[in-house]
Structures are given as C-alpha cells and as structure tokens.
Amino acid sequence: MTVSLLLAVLMISNFFVAASNDLRKYIQFSALQGWLLAALLLAVHHHLHWYVLAMVAITALVKGWVIPRLLRRALDGQSVTRERSPYLGPTASVLVCAVGTGFSLLVSGMMPLPNSHAASLIVATALATVFNGFLLLVSRRKALTQVIGYLGLENGIFIFGMLVVEDAPLLVESAMLLDLVVGIFVMGIVINHIQNAFSSTDTSRLSNLKE
Amino acid sequence: MSTGLILVLCCALVWVLASLAGLGGPRTDRFSAFLGVAASLIGLVGCAMSLLDGSEIPLGVDAGLFSARFLLDSLSAVFLLPTLVVGGILQVYQTGYLPAREKPRDARTSRFFFGLLMSGIILVFVCRSGFAFLVAWELMAVSAFFLIAIEDHEAHVRRAAWIYLVATHIGTAFLFAMTALLALRTGGTEWLPIAGEAAALDPVIALCALAGFGIKAGLLPFHVWLPGAHAGAPSHVSAILSGVMLNTGIYGILRITGILPPLPMAFAIGVMCLGAVTMVYGIANALGQGDFKALLAYSSIENMGIILLGVGMGLLGRTAGETAWVVFGFGGALVHVWNHAFFKSLLFAIAGAILHATGTRQIDRLGGLARRMPWTVVLLGVGVLAASGLPPLNGFVGEWLLYRGLLGAGLAHYAVVSVVSIFALALAGAVAAAVYGKFFGVVALGEPRTGLAAHDPKASMMLSMILLAASCVALAVLMPYAWPILRGAVLHLGRLDAPVLPEASGDLWKLALAASAVWLAALPLGLWARRAWAARSAAVPTWDCGYAAASPRIQYTGASFADFLSRQLRPTAPSVEKSGALGSGVAVQPVAVKLRGADQVGEWLVEPLTRRVLSRLQRWHWLQHGQLQIYLLYIMLALVLALSWAVVRAWLP
C-alpha cells in the first residue's frame, strides 16, 4: 500500500516537473524525488538489514541534499533562472508526459512480471520517469535542465532496480550513485564554464563549436 | 596449467606497464624501455617452454558476460617469436628515434600506444574465443591509429590515419560477421578445430576471414590504407606495423582456415591467385615510388602476397591430400613471415635513421650516404639483399620452399596454377631486385645530390639495427634448427600426422650450409677487396664527356634508374607532368618534370567506389543535426519503438 502510494506521488511529481519552466522548481522537485526514492527503498524491503538502511540514508543524502545543493550553487551565479524558449512549452510538455505515462502503464501491463500488481506499478513508474527525463532532455535548452533530465533518467532506472530488490546487489546501486554524484559535480563546473564562455547556458549554442 | 601460456599473458601485462611507464616522460623513459625488453624476454621464455613441453592446455577466464579462452599452440608461438623479438628491439630503437627529452609530447604518445599495440598483438595470437579475440584485435587496431597519427601536424599524416581507421573498421565489421557465423557453425564462442564433414557455411566464413584479415594484411583491393600509413608514421611505428602487425592478418587467415574442415578447391586456388596478383602489383608500384618509406610499404604488400601464395598452396594441398604442397606451402609462408618480420623492420629502422639524419624521404634528394653513414649503409646492404630474396640471406629461404613446392608436386598435378604462380613469383623477385637496387644505388652510392647533412645514428638506434641485421643473417644460417618449431605449426595447419614429412628439412640444411659458406668466404674476401681498393684508387672526378659544368645533380636519379622497367610494367608507371618545352635551337628553356607515383587500383577502383557510397549516404545527412537534443530524441524514439514491439508481440499469436 505504502509502495503504491509513493509510486503514485512520484508519477504526479513528474507532471509538475514537465509543467514548469522555472529552474528552481526543477531542483526542488528533483530533491523531492530523491526523498521519495529513499522512502520507497525503505518501504520495499521486508527485512531491514543494516546495508538497506545505509542505502536509504545514502540515497536521501545524495539525491535529496547533495545534488540539489550542487545544482543550486551552479544556479547562483546565473542571471536567468527560467527556460525562456523551450522547444516544447509547458502545456505541450504536460500532454506528452501524459501520453508517456499512459504508454508506460500500457506496456507494463503487458509484461510478464512476478507478483503482478506492485511489480507492474513499479515498472510503469520507472518507465514514466525515464520518459519524463527524456522529455526534459529533448525539449529544454538550459544546461541545468539537461542535468535534471539525466537525473530523471537515473531515477527511473533506480526505481526499476526495486523490482529485483531481493537479489540485486546493493553494490551496483551504490556504484551508480557515486557515478551520478561525480557526473553532476562535473556538470556543475561545466555549466559555470559554459556560462563564462558563452554568457548563456543555452546548450543549443554548443553546436556552434562543431566544424 | 600451462606455464608457457601464463608467461605470455604476463608478457602482455608487462607491455601494458611499459606503456604506462612511458607516460612519465623523460624521467621514466629508460624504465619504460627496460620494461618493454623485459616483457619480450618473459614472453620468449614462455614460448620456449610451451614449445619444449608441447602441451597445449587452454586457460579460461569467466567473468559474468565476458568469457575468454587462451591457448598457446605451435602456430601462436611461431607468430609470437618474431613479434616479441622485433617489438623488444624497436622499443629500444624508439628511445633514440623519438627522444623523450627533445620531443616530450610525441615520445609520450609513442611509448604509451606502442606498449598497448604490443600487448594487443600478443593477445591476438593467444586468444581463442570470438569475443575476446575481437577485443584484442580492436586494442591493436586503435593503438595503431594513434601511433600513425603521432605527427598529426602534417595534413597527409592526418589523412593517412583516418583512411587507416576507416579501413581497419571495415575489416572489423567482416570479422564480426565471421565470428558470428563461426559461433553458429560450432555452437560456441570457442575456436576449436571442427571435426567432421564440411558444411555449406564454411566457404562464407573463410571469405569473411579473407576479407577482414586481408584488410589488415594489405591484400590487393584492400591495400589502400597501407602505403600512406606506413609512409606517414614515425619509422619505428612503420617498422612494427609492417614487420609485425601485418602478420596478424596472415595469422587470422591461417587460424580460421585451420579451424574449418578442408575448404573447396576453388577457394584455395583463389587465395593463390590473390597472392600472386598482390605480390606483382605491390612490387611494381614500389618501383615508381620516389619516397623511400612508400617504396618499403609497397614492398610489404608484395611480401604479404608471397606469404598468401604459400598459404593458398598449403590450403590446396590440404584439400587435395597432397602432403608436399602442405609442407612447402605453409612452411614457405611461415618461414617468409619470420624473414619478412626481420628484414622489413630492419629496413624501416634504417629508413628512420636516414630520415632522422637528413630530414628527407625523397630518394632523389639523397646520394653518397656510403661515405657519410658507413655503418648504416652496411646494414642497409644486408637488408636490401634479404628483401630482394637473394641467396646468402634469409629472404631467399622462404621463396625457395615455395618454388620447390610449385616445381615439384605442383607441376605434376596442377600445372596451370603452378606455372602462373612460378611466373608471378619470378617476376616479383626480379622487380624486387630492381627496386632495392634503385633504393640502395641512388641513396648510398654516388655523390650527395643536395647539401643535406648526414651521419650515423646514435648508439640505441645503431644497436637495434645491428641486432635486426644479425637476426636476418642468423635466420639464413640457422633456419634448419628453427624448422622443428615451424614443423609443429605446419602439421597443425595441414592436420597431418608427425612422421609424414618429405624433403623440406633437407633443403633447409643445404641452403643453410651454402649460406654459411658464402658468409665465411665473404668476410675475408670483402676485407681483402677493400684493402686492395684503398691501396690502388686515387680520387678523381668522373669522366663527364667534356661537359664543363658538371654537378652532382646530373647523376642517375631513382626515376631514371627505374624508367626502363617502369615502361614494361605500364599500368603502374608513375605519371609524368612536364611544364614548359625544352625549346629548339640554341636557346634552351628550363623544364620542370614532376613524377607522381600512381596507385591504379586505388584510383580506378577504390576511390570512385568510396565516392559513390558517400554520395549515396549523403541522402541521410539530414539526420545529423549536430544538436544534442535531436540525438537524445533518437534514443527516446528507439526506446519507445523497442517497448512498442514488446507490446505488439504480446498481441500477436
């Protein structure tokens, strides 16, 4: 029950992200998703080993606090904190997000999965989150939104991992987290450099760099 | 557990360490060279142990999805031996050729990728499962790309490196197909000899192998990458590419055909013809080259053709059950692999020494080096004799075995193929003599044509060159002792039982005795002739028919030396561009003549073909926007399509 509720909140938070144009909102929602993931991890496990608790703590810390903090720091130096001319506006994005979520539910319903209901909802949420990450990557221009998009992708994969939670080594998940922190850290630095070099963080300008 | 195999794997690891040590710049440069040499010695000990105890125990590594089988058998050992020796020697050579102190950036790149290339090649020779082999193959191919591109400030080097990269990946595509088909055929990824009847799939696998490995070996329609890459790369890289990396192509063809049951007669004859054409074409093109590294590169194509002729002969013998052809064909090919590895790397090392001293690769700008680089020229003489396939040196031995096979059982049973092959082999041999006569004569003899400085290279380079030349002489004299090593590989390739071996080893003994006799006689005779000459001759200018303004530039040039033969081999003759006319009567106008070596197959076949493919592909160019978002959209669409397919398939019956 708790699991389903958390998954539903995650799905709804995707819509909020898609509907927004404000970079600060993006960061807030991605922090929220981090906390939700930690709670989900706690809810899914039946036996609370010490390493599960450690994983929960690390997830909450990294996704709910460290990464948002890094992103906020990257945002501080910038004059513009809104997506001004996205390829897809908020309304269209919400529609696409809805289509993606529907598609995810459809697909997950057809997949041969163990203990049907919770599992199929996990898959649906995972796919919906991945699609939403892609949507952000494809439809927005700002470098920071790209980072949020990748974060969404990773969250989706993380949720997918809950499916095999009983036998999947937590080592893999922790390695993924470490990867993510390093990636975001580097992106934070890159964003500032892009800002300095182009006096804008619009990634479409990066294509000027090609020959 | 096979200790030999473990030592060879350690050797690959130590080469990686050597490449890492090379990153340290001048401080760790000596250490890196030491590690490379040590690695080679470890590998040689490993090969020797495996050859002595003759046990072939595979070693398996299973790590999840990645599983690999390694096996060191006689064929691997035959290819590993020259690789390790030449690699170790060239590791020393490069410390002199690209000093870490003077050119830190180039030297770092060179040391790093040289070590990786070596470990890639070593792994290629011992990997016996499809996926691991491809990984080792790519490690080798990609490090070679970075080595070729070391002097990337020059446009022609960049171009050559890109052409190489494209060519090698087309080859890898064929190898992927081959690996997949082979897995289909054997039902596993391990490469073990297939027992039983031939299947319809076999020729397809063999053709994929011939194409994929043929690109690496520079066989005829696929040779286009080779001259540019060998000429543009630094000389120690050209030496390792030509002397060692080309062999991996031959090794691959041998390995795959060795796994398959005897192949159809037509395939074997096709391989022989391809070898013959490659050899004649390569050497005829070498004749027209004005750049001595390009000349050596085309000569490598010729030698790969000779080796392939032997391989085809062995395959034919295996299919027809003709033991003599198997022994002389595969035996000749393997002997020539050894010989070519040594004399070609020697010649490239010498080319590097000349280039280093004079700064030019143009034959016609040099001359009179015999007086200014005496030791280099002596070694050049050894290399040139070996490469022309002349008796007292090693180049002759392999060709002799091939002739023996063709003239013996060949003429009796497959007259047409044999006669054509003998003709091609003889023609290539004659032209090779002319090519190397031109190279040696114009570069070493006469007077200097330009004011370029020249001197013998420093000790590290000299030492490596002497070692390589000594190996050439040693192979000519000691080949009968090395024959038992080769015999194991030949028996394996021909799937023969041990005792069935005709006269090959007797021949080798006679040749070795003759070579030893010539060498023993040559040394005192040479010393005596030199002394007699020095006592008698006084330096006077050459008689120039009374022409008053003689200058070194009126000497024979390389082009004029080769002119007669070039005309006979018309399609490969260099094209001549004249600007201005000589004028008539008393007033003589200056005329500029430009010779351009033309690669006809490249210009008439490969280039138009590539252009057509590119223009077809242009239609899809709109997919490449250069915008990150669009590329991500592609990934998303692919994901949606894959998931939709899962849905649709669930609905389908």
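The following paragraphs describe the fold, burial and nonpolar cores of a predicted model containing chains A and B.

Residues are numbered from 1 along each chain as its sequence is written, and chains are lettered from A, with ligands numbered from 1, in the order in which they are written. Because the model is predicted, local features need a pLDDT of at least 70 and side-chain atom pairs count only at pLDDT 80 or more, whereas totals for chains, interfaces and linings use all residues. The predictor assigns the complex an ipTM of 0.79 and a pTM of 0.80. For chain B, the average pLDDT (the predictor's confidence in each residue, from 0 to 100) is 86, and 96% of the residues score at least 70.

Chain B contains 21 helices and four strands, these being DSSP runs numbered from the N terminus (H or I of at least four residues for helices, E of at least two for strands). Its radius of gyration, taken over C-alpha atoms, is 26 Å, which agrees with the value near 26 Å for a compact globule of 653 residues under a rule of 2.2 Å times the number of residues to the power 0.38. Along the principal axes, the C-alpha atoms of chain B fill a box of roughly 100 × 65 × 60 Å. Domain 1 (277–496) and domain 2 (600–651) are given for chain B by the domain assignment, with bounds from an automatic or database source, and their C-alpha centres lie 44 Å apart.

Of the residues of chain B, 51% count as buried, that is, with 20 or more other C-beta atoms, placed from the backbone, within 10 Å of their own. Helix 10 (residues 265–287) of chain B has end C-alpha atoms 34 Å apart, in agreement with the 33 Å expected for 23 residues at 1.5 Å a residue, where the expected span is 1.5 Å times one less than the number of residues; 18 of its 23 residues are buried.

The largest nonpolar core (buried Ala, Val, Leu, Ile, Met, Phe, Trp, Tyr and Cys residues joined through C-beta atoms within 7 Å) has 209 residues, and B:Val8, B:Ile122 and B:Ile283 are among those with the most contacts inside it. Helix 12 (residues 323–358) of chain B gives the most to this core, with 22 residues. A second, separate core of 43 residues includes A:Leu23, A:Leu37, A:Ala124 and A:Leu127.

Chain A comprises seven helices and zero strands, and buried residues make up 36% of its 211 residues.

Definitions and conventions: Buried ≥ 20, exposed ≤ 12 C-beta atoms within 10 Å, placed from the backbone.
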